[in-house]
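Student: Could you choose one part of this model and look at it closely with me, explaining each term as you go? I would like one connected account rather than a list.

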Amino acid sequence: MSTYLITGAAGFVGSALARTLVESGERVRGIDNFVTGNRENLDGLLGRMDFRQADLRDPDATALACEGIDCIFHQAALPSVPRSVLAPEPSHRSNVDGTFNLLEAARAAGVQRIIYAASSSAYGNQPGLPRTESMRPQPVSPYAVQKLTGEYYMSSYWQIYGLETISLRYFNIFGPHQAPNSPYSGVVAKFIRQMLTGVRPTIFGDGRQARDFTYIDNAVSANLLACHAPAEQVAGRVFNIACGAAHNLEDVYRALAHLTGFEGPPLYGPPRNGDVVNSLADITAAKAAFGYQPTVGFEDGLKRTVQWHREEVALAAAGDTASRR
Ligand SMILES: NC(=O)c1ccc[n+]([C@@H]2O[C@H](COP(=O)([O-])OP(=O)(O)OC[C@H]3O[C@@H](n4cnc5c(N)ncnc54)[C@H](O)[C@@H]3O)[C@@H](O)[C@H]2O)c1
């Protein structure tokens, strides 16, 4: 039986992976420093996995976390383009130094495979949609550079040390447990929570920017498929993980207003420095290499996410701890 390490296990994607693996009876270790993650995401999991509060910037703690591990899902990062624009140094430390520490620790511990949460921000604003993995990356923001650096390190550690590394470039993942209340929150989580609590959301830019929004279950299944794929098909490679369909922010707003019952138009703010304007993925490489297929579409994903937020808002209104999320 394999033992899995999830970095960023208290975060949005990391906790979804942890839940899926723990519920399938797998042996799971998780680490997180709670910089953006939260303990409520681990509700019901803590007694069933080996969770350690640890920071990837600490090489000793990272080395301990890798002992006895077969496969790592590396989700930990200080996410967000605008956060990295405002203060590039902290995200560089977690996203580049932390990833490097993890690779070194994994190499020393004899870990077989690392699946890395890469980012579609690597493509930047170059012309040409859909994005294919053969396009030359043109990162714009510090965050995009940091995430792309992680990809290059992944590829290097496969070529040089034979550590089986796979980079999954996520395109705008959304779903339950994504933090809604930070200025850096993903747009879907933020809009839903604002609409459900009577706050008018702000669209930065003209609203025509379109993204390949991808429900969380699709990202989880991509990780699990990549984990079990033969090394000759995946090691050292980069794959887009998305749905292969783009929706602009005006459409997202309208769909969410309909689902939440929110009335009224959005506010508009200036475009955010460093943001990628349009994204749409070609997902044929992931399909061919490990059978990835999105199973939950955009509309269904939005419905499930709104339902989760409704329950959270109701719990918060009843005085539950969810109000802190
Ligand atoms: N959500 C998306 O749309 C998206 C898109 C592209 C890429 N990604 C990548 O996917 C991964 C997961 O993103 P998410 O949306 O779940 O973000 P998240 O903020 O919810 O999760 C990241 C987790 O990493 C933890 N963390 C950060 N720095 C750490 C450190 N130095 N040591 C230990 N733990 C640390 C945080 O506390 C948090 O729990 C990230 O690597 C992110 O860059 C996400």
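**Helix α5 and the sheet beside it**

Tutor: Let us start with helix α5, whose 20 residues should span 28 Å at 1.5 Å a residue, and whose end C-alpha atoms are indeed 28 Å apart, so the two values agree; the expected span is 1.5 Å times one less than the number of residues. This is a predicted model, in which local features need a pLDDT of at least 70 and side-chain atom pairs count only at pLDDT 80 or more, while totals for chains, interfaces and linings use all residues. Residues are numbered from 1 along each chain as its sequence is written. Helices (H or I, at least four residues) and strands (E, at least two) are DSSP runs, numbered from the N terminus.

Helix α5 covers residues 142–161 and lies across β5 (113–119), β6 (164–170) and β11, running at about 155 degrees to β5. Such angles run from 0 to 180 degrees between N-to-C directions, and the axes are lines fitted to C-alpha atoms, for helices over the stretch in contact; two residues are in contact if their C-beta atoms, placed from the backbone, lie within 7 Å. Gly162, which follows α5, has a positive phi near 75 degrees. A second helix, α7 (residues 216–228), lies across β4 (71–74), β5, β6 and β11, and runs at about 160 degrees to β6.

The strands just named belong to an open sheet of seven strands with parallel pairing, in the order β3-β2-β1-β4-β5-β6-β11. Its edges are β3 (50–53) and β11 (237–241), each of which pairs on one side only; two strands pair if DSSP finds at least two bridges between them. On average, and ignoring direction, neighbouring strands of the sheet are turned by 20 degrees against each other.

We can follow some of these pairings through the sheet. Strand β2 (residues 27–32) runs parallel to β3 and is joined to it by four bridges, and Ile31 has Arg52 in β3 as its bridge partner. Strand β1 (residues 3–7) is likewise parallel to β4, with four bridges between them, and here Ile6 has Phe73 in β4 as its partner. On the way towards the strands under α5, β4 and β5 pair in the parallel sense over four bridges, with His74 opposite Tyr116 in β5.

Strand β4 also shows where its side chains go. In a regular strand the side chains alternate between the two faces of the sheet. In β4, Cys71 and Phe73 point one way, Ile72 and His74 point the other way, and all are buried. A residue counts as buried if 20 or more other C-beta atoms lie within 10 Å of its own, as exposed if 12 or fewer do, and as partly exposed in between, with the C-beta atoms placed from the backbone.

Finally, consider some loops that leave these strands. Most residues other than glycine have a negative phi, and most peptide bonds are trans. Pro130 is in the loop between β5 and α5, and the peptide bond from Leu129 to Pro130 is cis, with omega near 0 degrees. Asn172, in the loop between β6 and β7 (173–174), has a positive phi of about 40 degrees although it is not a glycine, and Asn172 is buried because 21 other C-beta atoms lie within 10 Å.
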